[in-house]
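Subject: Structure to look at

Hi,

Here is the structure I promised you. Please open it next to this email, and then read on for what I found.

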Amino acid sequence: MRYVLKCLACGKQYSMFFPRQLCDKCDGILEITAAGATAAATLEKDFWSYEQFLPEGEYRHYMLGNTTMLASSRSNLFLKLETENPTKSFKDRGSVVEIAKALEYGYDEVVCASTGNMAYSVAYYAKLGGIHATIFVSRNANWLKIRNIQDTHDANIIKVDGDFTEAQRRAIGYSKRKEAFLTGDYGYRKEGQKTLLFETIAELPDVRNIFIPVGNATLLSASYKALLELKKAGLIRRFPRLVAVQASLTAPLVTAFKRNARVEYQEPLTDAGAIAVGYPTYGDQAIEGLRATGGTALSVSDKEMEDERMAFYREYGLRAEMSGVASLAAFRKTNLEGKTVAVISGGNTLKP
Ligand SMILES: [Zn+2]
């Protein structure tokens with residue numbers, strides 16, 4: 001789709017040829033907004049069939065997405081196995097869009113902040129595209145994942161003595177100093193992550209609840225954006241409930257939702273590294289999605305996630321990380337009616 005970029009903070013607009021992810025005037029995040037109508041189509045369960053919903057770009061059609069929707073042993077519960085993506089998490093859906101744009105704008109380096117999964121994913125697609133990746137990793141990053149990147153990719157890893165929010169700040173500074181394309185939880189990634197929702201609706205058009213783990217809240221706000229676009233294209237009539245799941249030790253979005261307030265920073269204390277984010281970038285937008293779909297926000301303890309990880313392995317023979325099964329652990333504590341999808345967001349043999 002053709003699009004414009006619009007600053008979420010000050011409202012300044014840019015054309016699709018503006019080669020950056022942050023506003024020149026105020027450093028706000030640029031949101032991608034379709035220019036003109038998106039052609040209506042039927043929904044298929046295939047990542048590249050949604051290209052018309054992605055920002056126009058020169059994509060290389062790698063195999064990704066199209067992950068299994070597994071019927072669980074509990075009636076009406078389905079598991080979306082995002083661990084099947086090439087780098088074992090849902091992050092690939094966004095990375096493939098970001099790297100395509102970086103190449104199109106002529107960059108030879110990308111930079112991002114990560115707790116592990118995004119680092120692996122960005123490094124992988126940068127390598128496929130033949131450009132460099134510099135990754136700022138937070139203090140609570142999973143070092144097994146980071147070692148994996150150092151062993152198999154050419155990424156430049158910079159350790160930050162701080163949390164994810166600090167790593168993000170450093171990555172932004174680096175992108176300006178070195179003219180590297182900033183990747184991470186910004187507009188283009190969000191666009192790619194819409195495809196998870198498209199696939200879910202394609203396979204289960206009558207789904208009523210979708211449980212999504214929340215760190216930076218990009219996947220959740222992307223899912224809400226996808227629902228709005230599907231409705232506009234006449235492909236759905238009513239919204240499934242979006243349910244945000246956080247770790248009880250790091251739950252800024254759950255707190256804000258319950259207090260009906262704006263999201264505020266919380267020190268990330270959970271061991272579930274992939275969702276240990278103190279200030280979710282898209283937190284306020286995600287809350288808008290929860291309210292608009294009649295959804296809710298839930299938290300699960302580290303022990304509940306760890307127990308769920310073991311139960312998941314025993315039942316399905318599959319490995320997931322703690323955050324990967326957070327949605328499943330949260331589902332156990334609810335009694336929502338109708339077909340439910342729990343997003344198994346990431347992890348393979350690595351823990352936590
Ligand atoms: Zn701005």
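Before we get to the strands, one term will help: a crossover is right-handed if, with the strands pointing away from the viewer, the path from the first strand over the helix to the second runs clockwise. Please also keep in mind that this is a predicted model.

**The domains**

The domain assignment splits the protein into domain 1 (3–36), domain 2 (69–90 + 187–344) and domain 3 (92–182). Domain 2 is therefore given as two segments, with the bounds coming from an automatic or database domain assignment. Between the centres of domain 1 and domain 2, taken over C-alpha atoms, there are 26 Å. Where these two domains touch, domain 1 supplies six residues and domain 2 supplies four residues. On the domain 1 side, strand S3 (residues 30–34) gives the most, with three residues. Sorted by class, that side of domain 1 has four nonpolar residues, one polar and one charged.

**Around strand S6**

Now to the place where the term above comes in. Strand S6 (residues 109–114), helix H2 (residues 117–129) and strand S7 (residues 132–137) form a β-α-β unit, and this unit is right-handed. S6 and S7 run parallel and are joined by six bridges. If you would like a pair to click on, Ser114 stands opposite Val137 in S7.

S6 also pairs with strand S9 (residues 181–182), again in the parallel sense, over two bridges. Here Val111 is the residue that stands opposite Leu182 in S9. How much of S6 is buried? Five of its six residues are, and the strand is mostly covered.

**The six-stranded sheet**

Next comes an open sheet of six strands, in the order S4-S5-S13-S10-S11-S12 and with mixed pairing. Its edges are strand S4 (69–71) and strand S12 (296–300), each of which pairs on one side only. From one strand to the next, the twist averages 25°.

Following the order towards S12, strand S10 (residues 209–213) and strand S11 (residues 241–247) run parallel, with five bridges joining them. Pro213 has Val245 in S11 as its bridge partner. S11 then pairs with S12, also in the parallel sense and over five bridges, and Ala247 stands opposite Val300 in S12.

**S12 and helix H7**

Is the edge strand S12 mostly covered or mostly open? It is mostly covered, with five of its five residues buried. In a regular strand the side chains alternate between the two faces of the sheet. For S12, one side holds Thr296, Leu298 and Val300, the other holds Ala297 and Ser299, and all of these are buried.

Helix H7 (residues 252–259) lies across S11 and S12, running at about 135° to S12. Which residues of H7 are buried? They are Pro252, Leu253, Val254, Ala256 and Phe257. The cover over them includes S11 and S12, together with helix H8 (283–292). Just after H7, have a look at Asn260, which takes a positive phi of about 55°.

Happy to go through any of this with you at the screen.

Best wishes

Methods: Residues are numbered from 1 along each chain as its sequence is written. This is a predicted model: local features need pLDDT of at least 70, side-chain atom pairs count only at pLDDT 80 or more; totals for chains, interfaces and linings use all residues. Two residues are in contact if their C-beta atoms, placed from the backbone, lie within 7 Å. Helices (H or I, at least four residues) and strands (E, at least two) are DSSP runs, numbered from the N terminus. Ala, Val, Leu, Ile, Met, Phe, Trp, Tyr, Cys and Pro count as nonpolar, Asp, Glu, Lys and Arg as charged, and the others, Gly among them, as polar. A residue is buried if 20 or more other C-beta atoms lie within 10 Å of its own, exposed if 12 or fewer, and partly exposed in between; C-beta atoms are placed from the backbone. Two strands pair if DSSP finds at least two bridges between them. Axes are lines fitted to C-alpha atoms, for helices over the stretch in contact, and angles run from 0 to 180 degrees between N-to-C directions.
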